[in-house]
Amino acid sequence: MDKHFDTLADFLGTHFIYTYDNGWEYEWYAKNDHTVDYRIHGGMVAGRWVTDQAAHITMLTPGIYKIAWTEPTGTDVALDFVPNEHKLNGTIFFPKWVQEHPEITVCYQNEHLDEMIAAREKYATYPKLVVPEFATITYIGDAGQNNEAVINEAPYAGMPDDIRAGKFFTADYQRPK
Ligand SMILES: C=Cc1ccc(O)cc1
């Protein structure tokens, strides 16, 4: 948690856990300069997890980072990280169908892409649910870029606590065998 961020290289390969002011807890990994992975531990779609989501990742000014992407569900996300202050601001733009049927999206999305595409065709997109929130970062880990061990299993109750307690990853940021 004492890492200092100045450059884009400082940010890429970093693994975060944070809690939005509305209580939603997210885990998110800047896998490389165009890819993110994440797990959702609390909130409307707790239990959802995603790897290899394409994203736009830029540094706005030293130590401040903007990330934006659009998902197969039609959900759009914009995150502004201020990691030196352990803060970020996130806005999630949920299609109406995700608000009405969040359970459809609670899965390892990579194995259910056809279902996401079918649902976004079948159900309503509008009006979108816009969720703009600040969040407090509760964990920062130096996982290195393209580390497939960071987000590679479903979330469970207590996983963020295990990660914060140093019980989840080995010293070289792998999962114990
Ligand atoms: C919908 C995905 C998502 C991932 C991370 C985050 O902070 C907000 C939304």
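Visitor: Let's start with A54: is A54 buried or exposed?
Guide: This is a predicted model, where local features need pLDDT of at least 70 and side-chain atom pairs count only at pLDDT 80 or more, while totals for chains, interfaces and linings use all residues. Residues are numbered from 1 along each chain as its sequence is written, and side-chain values use heavy atoms, with hydrogens and water left out. Buried means under 20% relative accessible area, exposed means over 50%, and partly exposed is in between (1.4 Å probe, protein chains only). A54 has a relative accessible area of 52%, so A54 is exposed.

Visitor: Where is A54, and how far is its C-alpha atom from that of T35?
Guide: Look in strand β4 for A54; helices (H or I, at least four residues) and strands (E, at least two) are DSSP runs, numbered from the N terminus. A54 and T35 are 19 residues apart in sequence, yet C-alpha to C-alpha the gap in space is 4.6 Å.

Visitor: There's a ligand here, too. Which residues surround the ligand?
Guide: A residue counts as near the ligand if one of its heavy atoms lies within 4 Å of it. The names to look for are Y18, Y20, Y26, W28, Y38, W69, E71, V77, L79 and I92.

Visitor: How many charged residues does that shell have?
Guide: Ala, Val, Leu, Ile, Met, Phe, Trp, Tyr, Cys and Pro count as nonpolar, Asp, Glu, Lys and Arg as charged, and the others, Gly among them, as polar. Sorted that way, the shell around the ligand has nine nonpolar residues, no polar ones, and charged residues numbering one.

Visitor: How far is an oxygen atom of the ligand from the side chains of Y18 and Y20?
Guide: A polar contact is a pair of N or O atoms within 3.5 Å; within protein, one must be able to donate a hydrogen and the other to accept it, and residues adjacent in sequence count only if both atoms are side-chain atoms. For Y18, a polar side-chain atom lies 2.6 Å from a ligand oxygen. For Y20, the distance from a side-chain N or O atom to a ligand oxygen is 2.5 Å.

Visitor: How much of the ligand's accessible area does the protein cover?
Guide: Accessible areas come from the Shrake-Rupley method with a 1.4 Å probe, and for residues only the protein chains shown count as cover. On its own, the ligand has 280 Å² of accessible area, and the share covered by the protein is 99%.

Visitor: Where does the ligand sit, and which elements give two or more residues to its shell?
Guide: A cavity, found on a 1 Å grid over the protein atoms alone, is a set of points where a 1.4 Å probe fits but cannot get out. A molecule sits in one if more than half of its atoms lie within 2 Å of its grid points. The ligand sits in the largest cavity. The elements giving two or more residues to the shell are β1 (14–20), β2 (25–32) and β7 (76–82).

Visitor: What joins Y126 and P127?
Guide: P127 is in the loop between α3 and β9. Most residues other than glycine have a negative phi, and most peptide bonds are trans. Here omega is about -5°, and the link between Y126 and P127 is a cis peptide bond.

Visitor: What phi do N146 and Y173 have?
Guide: N146, in the loop between β9 and α4 (159–164), is partly exposed at 46%. Y173 comes in the segment after α4 and counts as buried because its relative accessibility is 9%. Neither N146 nor Y173 is a glycine. N146 has a positive phi of about 55°, and for Y173 the positive phi is about 55°.

Visitor: How far is a polar side-chain atom of R48 from the backbone oxygen of T105?
Guide: R48 is in the loop between β3 (35–40) and β4 (49–54). At 3% relative accessibility, R48 counts as buried. From a polar atom of its side chain to the backbone oxygen of T105 is 3.2 Å.

Visitor: One last residue: how far apart are the C-alpha atoms of E85 and F5?
Guide: E85 is in the loop between β7 and β8, and E85 is exposed because its relative accessible area is 58%. E85 and F5 are 80 residues apart along the chain, and their C-alpha atoms are separated by 10.0 Å.

Methods. 1 Å grid on protein atoms, 1.4 Å probe; cavity = no way out; pocket = protein on both sides within 12 Å on 5 of 7 lines; lining within 4 Å.
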